[in-house]
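Hello,

Here is the structure I said I would pass on. Please open it beside this note. My findings follow below.

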Amino acid sequence: MIDLDLILLLFLVICAIAAVHMKDLLSATMILTAYSLIMALVWTNLNAVDVAFTEASVGAGITTVLVIAALSRTKRREED
């Protein structure tokens, strides 16, 4: 049976690689939000609930809102 830690690690690696290769900055932001939520699951699995709560609220919540606000004032796509 595949362990939950390996599945979460696989999803983290996929999210990280996908975010780096995105040209659309809003899509990269959404992928990094998913990365933060998966990382919060990893911290919960390690019984570090306080760190998981902070990761979910700051990493997936506030950071996403601030980056989307910044993107609304700039270009959405990255230059080649």
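Start with the contacts. Among those between residues at least 6 apart in sequence, 58% join residues at least 24 apart. Keep in mind that this is a predicted model.

Overall layout

The protein has three helices and zero strands. From the N terminus on, the order is α-α-α. The C-alpha atoms fill a box of roughly 45 × 25 × 10 Å along the principal axes. Of the 80 residues, 25% are buried. The accessible surface comes to about 5800 Å². Carbon and sulfur atoms account for 71% of that surface.

Confidence

The average pLDDT is 90, and 96% of the residues score at least 70. Confidence is highest in α1, at a mean of 94. It is lowest in α3, at a mean of 91. As a general caution, predicted coordinates should not be read in detail where pLDDT is low.

Helix α2

I spent most of my time on this helix. It covers residues 25-45, which is 21 residues. Does its length agree or disagree with what 1.5 Å a residue predicts? The expected span is 30 Å, and the end C-alpha atoms are 30 Å apart, so the two agree.

Which residues of α2 are buried? They are Ala28, Thr29, Ile31, Thr33, Ser36, Ile38, Met39, Ala40 and Val42. These buried residues pack against α1 (4-21) and α3 (49-72).

The nonpolar core

The largest nonpolar core has eight residues. They are Leu8, Leu12, Cys15, Ala19, Ile31, Ile38, Met39 and Val42. The elements that give two or more residues to this core are α1 and α2. In soluble globular proteins, nonpolar side chains tend to be buried together. Val42 is a good place to look, as it touches Leu8 and Leu12, leaving out residues up to four places away in sequence.

Three residues to click on

Serine 36. This residue is in helix α2. Why does it count as buried? Its relative accessible area is 8%, and the cut-off for buried is under 20%. Its side chain makes a polar contact with the side chain of glutamate 55, at 3.4 Å. Beyond four places in sequence, serine 36 touches Glu55, Gly59 and Ala60.

Leucine 26. This one is also found in α2. Leucine 26 counts as partly exposed because its relative accessibility is 27%, between the 20% and 50% cut-offs. Leaving aside neighbours within four places in sequence, leucine 26 is in contact with Ile68, Leu71 and Arg76. Now compare it with alanine 70. The two are 44 residues apart in sequence, and their C-alpha atoms are 10 Å apart in space.

Asparagine 47. Look in the loop between α2 and α3. Asparagine 47 comes just after α2. Its phi is positive, at about 60 degrees, although it is not a glycine. Is asparagine 47 buried or exposed? It is exposed, with a relative accessible area of 70%; the cut-off for exposed is over 50%.

In brief

Look at α2 first, where the buried residues pack against α1 and α3. Then go to the Ser36 side chain and its polar contact with Glu55. Finish at asparagine 47 and its positive phi.

Best wishes

How values were computed
Residues numbered from 1 in each chain as written. Heavy atoms only, no water. Helix = DSSP H or I, 4+ residues; strand = E, 2+ residues; numbered from the N terminus. Expected span 1.5 Å × (residues − 1). Buried < 20%, exposed > 50% of the residue type's maximum accessible area, 1.4 Å probe, protein only. Contact = heavy atoms within 4.5 Å. Polar contact = N/O pair within 3.5 Å; in protein donor to acceptor, adjacent residues only side chain to side chain. pLDDT = per-residue confidence, 0-100. Core = buried A, V, L, I, M, F, W, Y, C linked by side-chain atoms within 4.5 Å. Areas by Shrake-Rupley, 256 points an atom, 1.4 Å probe, with all protein chains shown as cover.
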